[in-house]
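Me: Please take a close look at one part of this structure for me: the strand pairing, and what packs around it. Start with how far the model can be trusted, and add other spots for context where they help.

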Amino acid sequence: MSLPEPTVKQQPANLSITDIRNSSPSLSLAATSNLAPLITAGLSQKNAIFPRSSARFDVAQNGKTSPFQKSGSLPASYGAVDERIRSIPTLVLYDDAGLDIYDAITYVEEYYLTNAEMQIFMDLGDEIMDSCVGDGGVLIELGVGSMRKTKYLLDAIVRQGKSVTYYALDLSAQSLSMALSPLASHYPTIQFVGLLGTYDDSLSYIQTHIPRPENSTRTLLWLGSSIGNYTRAEAAEFLKRVQTIAMDTGDTFLCGIDRRNDASIVKAAYDDPKGVTRDFILNGLDHVERILGVKDTFKRDLFEYVSIYNDELGRHEAYYRSLVQQTLVLSATETVVLEKGELINVEYSVKYSAQDVQRLVDGAGFYWPNRWADASGRYDVHLFQKAPFHLMGVSPEDSKKSVPTLAEFEVIFKVWDTISLTMIPEGGHLEKPISLRHPFIFYVGHLPAFMDIQLSRCLEEPFTQPAYYTEIFERGIDPDVQDPSKCHTHSKVPDAWPELAQVLEYAERCKQRIRGLLTVHEQGASETGGPLARVLWMSYEHYAMHLETFLYMLVQSPNIQPPKGFLMPLHLSNSNARTANPEPVPPAQLETIAVPEGLTHISIGHNDSESDDETRTGVDAHEFGWDIEHPQRQVAIPESILESKLRFQTRQVTVGEYHAFFIASGANEALRPASWSEDGEFVKTAFGRIEISRCVNWPVFVSGTQAAAYSQYISKQDGNRQYRVPTEMELTCYRRFLHKDVEGNYGFRSWVPRDVLSETGVVGDGWEWTSTMMQEHAGYEQSKIYPGYSSDFFDGKHCVVLGASWATAPRLAERVTFRNWYQEVYPFVFAGFRLVCDV
């Protein structure tokens, strides 16, 4: 549909405006005809919740300024319970007058969001555009304002000599023309297209009409912390829809998000001394009257603007408070009586901590490689990416289901293909970067072969052809590091490994077999018994565990290629001078465990005997595990913990801290982590070798013996305390009683460790060494399906490790009973440590 000519002198040749509105008005929330019933419903029904915590913050923040509160009109019951209240849609604030007032708000000194985002673009625009916009690329901004901020990104594009097409979405043709015309004149090398429509209109239009240019980029922008107008659940759902409907693998999404800042800062931003925000909110009442076609009903002087920052929920809340008892006329047939003091919600502005952002991207299915902060540390611009896979979609409830879904298998297959096929150069699968392990080609065949062997034995069916693959791919090698001639039983090693193409064809046939079984299982066409359910579960987790084996081998290779389809975090680039020498994190704190009074034992493990599989029913309600996790048992809490005589470091030891020890040791080669380069100047990662100066705040990955040597060094440095690596039971108690609510870096949330925090969670970044040797425990039952899974390692040389690494699948990371182990002297794994000391 063509639009009338905009009221400007002459529309630049590099600007066009397209009407993309859906012909069905029900799909356009901006339509007045659609807002009216929403307003009526929100005022007639008390469909919003006013939390009692908000009442408490209201009294604390507004008690001295609110005319209503100062008059003593608040009832004694105010804030006693959560209360259901009326609401008005936030969109009523954004009529033409509201947009003008909002533009004025962005110039208010206290409203820091605009200036913070603008400062990020002014200072870091070149870096941001370099990270996600290529020559010939496409930018699509969801919403368009005065363009004061976006122009700094356009400046960066011009400086970089790139030719791009810039799309901007808005509900108003006049706003589009007024905003884009001067930009089009100023940037003649950029093509500008205005899209007239809603968010919903834009999603399908982007996918069908704005394809990603070949060999270039497509980037969506959502700026101004507009995401804050959605609840956290709504925001994740909206981003999920954007990711699913409007984006292809490799596309990026640039998003401005306000932080959970100090309450006084946020409160001032939304309740400025000049009353500009107050006018913006109260203007919404005028708009409501026009939408409903009524007059002199929503009188400004009978309402008070109530601004509350709920620090607990991390959101600013905007309300109308009725100053008197009054009757609102909504239509010729409907009225609503407001009591004196009654609240009506009109807007939320949700704020985000780093953990909130992590939950957001998990829910949306995004990979989160980069973020840029303003100088004051109050606001961030984040870069999200639609990556080839997203492993974090399993909720805690679903993760306990015994049989992984077909969708879960497809994702784990995709993870494996990304690692095994895109990170190794062509012809490189015969490389053996760790001499104690097989070449890469073995693992490409081992995972499907293990799965196929277990299925065939369980179902009493023939092996997938060629059957002789089961003889060479069933089990790999894990010899004694100190005496490689000692090794558990394993498959015979062929004189020559099969060609990669042949192994991949075999793997695909094995995958098709399991797809067929899972399809039948999920359709409920036949009941899946306990033995088959266990094999399906075991096959999935076997894939998941070998992702890490393959990756810690890969990072040892000088030929490693970065994972295809995943952007490298910019701060890790050896060419980025801005991020070369980050400040070291503060020293780790020491903390004792407060055990609940009277508690002397804790329960560990779970009940999962293979002998019960033949009679097991309800397999989707059963939590399977490996033989070393069974049975559930009571274990005494160490006396040193009960008596508060044992202190734990609140985070793992960092690369920087261990590096200082390494230098102090005279760069003793025996103490150099295998995760570092031979000269000790770089850390080996999935993105290649990164300067160690950029990684100083990561947890260091070492062997158990290197961790013990560090503890002896720290003990000497301290002089008063004796430090050591904790036992399995000590670390289990720490995980149980001091686990911080931190979203761990596992499941490929990041392809490298993240900087430790002063108080770090206990799952993610790297496994944690304990000093406890793997051994048989009371009630242990050796697996009959996989007899050597754990029993082969009861040799007094393998230590238990707990937690997870950045590459650990969620099913493993989130199951608290899961136990892992490595030889104490094995240096290649993604495992770090924290220390304990006796008081």
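Reply: This is a predicted model. The protein chain averages a pLDDT of 92, and 95% of the residues score at least 70. Two stretches score low. Over residues 1–8 the pLDDT stays under 50, and the model gives them nine contacts beyond four places in sequence. Residues 23–31 are also below 50, with 16 contacts beyond near neighbours in sequence.

Now the strand pairing. Begin with strand 24, residues 798–802. Is strand 24 enclosed or open to its surroundings? Five of its five residues are buried, so strand 24 is largely enclosed by the rest of the structure. In a regular strand, side chains alternate between the two faces of the sheet. Strand 24 shows both directions: H798, V800 and L802 point one way, while C799 and V801 point the other. Residues on both sides are buried.

Strand 24 pairs with strand 23 and with strand 25. Strands of a sheet pair through backbone hydrogen bonds, either parallel or antiparallel. With strand 23 the pairing is antiparallel, over three bridges. Two residue pairs mark the register. E768 has L802 as its bridge partner in strand 24. W769 stands opposite V801. Strand 25, residues 820–823, is joined to strand 24 by four bridges and also runs antiparallel to it. There, C799 is partnered by Y822 of strand 25.

Strand 23 has a further pairing, with strand 26, residues 831–832. These two run parallel and are joined by two bridges. W767 stands opposite A831 of strand 26.

What packs against strand 23? The buried residues of helix 20 do; they also pack against helix 19 (655–664) and strand 22 (723–724). Helix 20 covers residues 704–718, 15 in number. From its first C-alpha to its last it reaches 21 Å, close to the 21 Å expected at 1.5 Å a residue. Its buried residues are G704, Q706, A707, Y710, S711, I714 and S715. After helix 20 comes G719, with a positive phi near 85°.

Strand 22 leads to a second set of strands. Four strands form an open sheet, in the order 16-19-27-22, with antiparallel pairing. Which strands stand at the edges? They are strand 16 (590–592) and strand 22. Each has a single partner strand, so one side of each is left without a neighbour in the sheet. Strand 16 is joined to strand 19 (residues 646–649) by three bridges, and the two run antiparallel. Within that pairing, E591 faces F648 of strand 19.

A helix crosses this sheet. Helix 21, residues 728–737, lies across strand 19, strand 22 and strand 27 (836–838). It runs at about 70° to strand 19.

Two other strands offer a contrast in exposure. N370 is in strand 14, residues 367–373. Its relative accessibility is 6%, under the 20% limit, so N370 counts as buried. A polar atom of the N370 side chain lies 2.6 Å from the backbone nitrogen of L570. Leaving out residues up to four places away in sequence, N370 touches V381, H382, L383, M568, P569 and L570.

Q634 sits in strand 18, residues 633–636. Is Q634 buried or exposed? With a relative accessible area of 56%, Q634 is exposed. Beyond residues up to four places away in sequence, Q634 touches H601, I602 and S603. Its C-alpha is 36 Å from that of L551, 83 residues away along the chain.

Last, a helix for context. Helix 16 has 24 residues, 500–523. It reaches 34 Å from first C-alpha to last, close to the 34 Å expected at 1.5 Å a residue. Its buried residues include V503, Y506, A507, C510 and I514. Charged side chains appear there too: K511, R513 and R515 are among the buried residues. Their cover includes helix 13 (406–422), helix 14 (440–459), helix 15 (469–473) and helix 17 (530–554). Next comes G524, where phi is positive, near 70°.

Key: Residues are numbered from 1 along each chain as its sequence is written. This is a predicted model: local features need pLDDT of at least 70, side-chain atom pairs count only at pLDDT 80 or more; totals for chains, interfaces and linings use all residues. Side-chain values use heavy atoms; hydrogens and water are left out. Buried means under 20% relative accessible area, exposed over 50%, partly exposed in between (1.4 Å probe, protein chains only). A polar contact is a pair of N or O atoms within 3.5 Å; within protein, one must be able to donate a hydrogen and the other to accept it, and residues adjacent in sequence count only if both atoms are side-chain atoms. Contact means heavy atoms within 4.5 Å. The expected span of a helix is 1.5 Å times one less than its number of residues. Two strands pair if DSSP finds at least two bridges between them. Axes are lines fitted to C-alpha atoms, for helices over the stretch in contact, and angles run from 0 to 180 degrees between N-to-C directions. pLDDT is the predictor's confidence in each residue, from 0 to 100.
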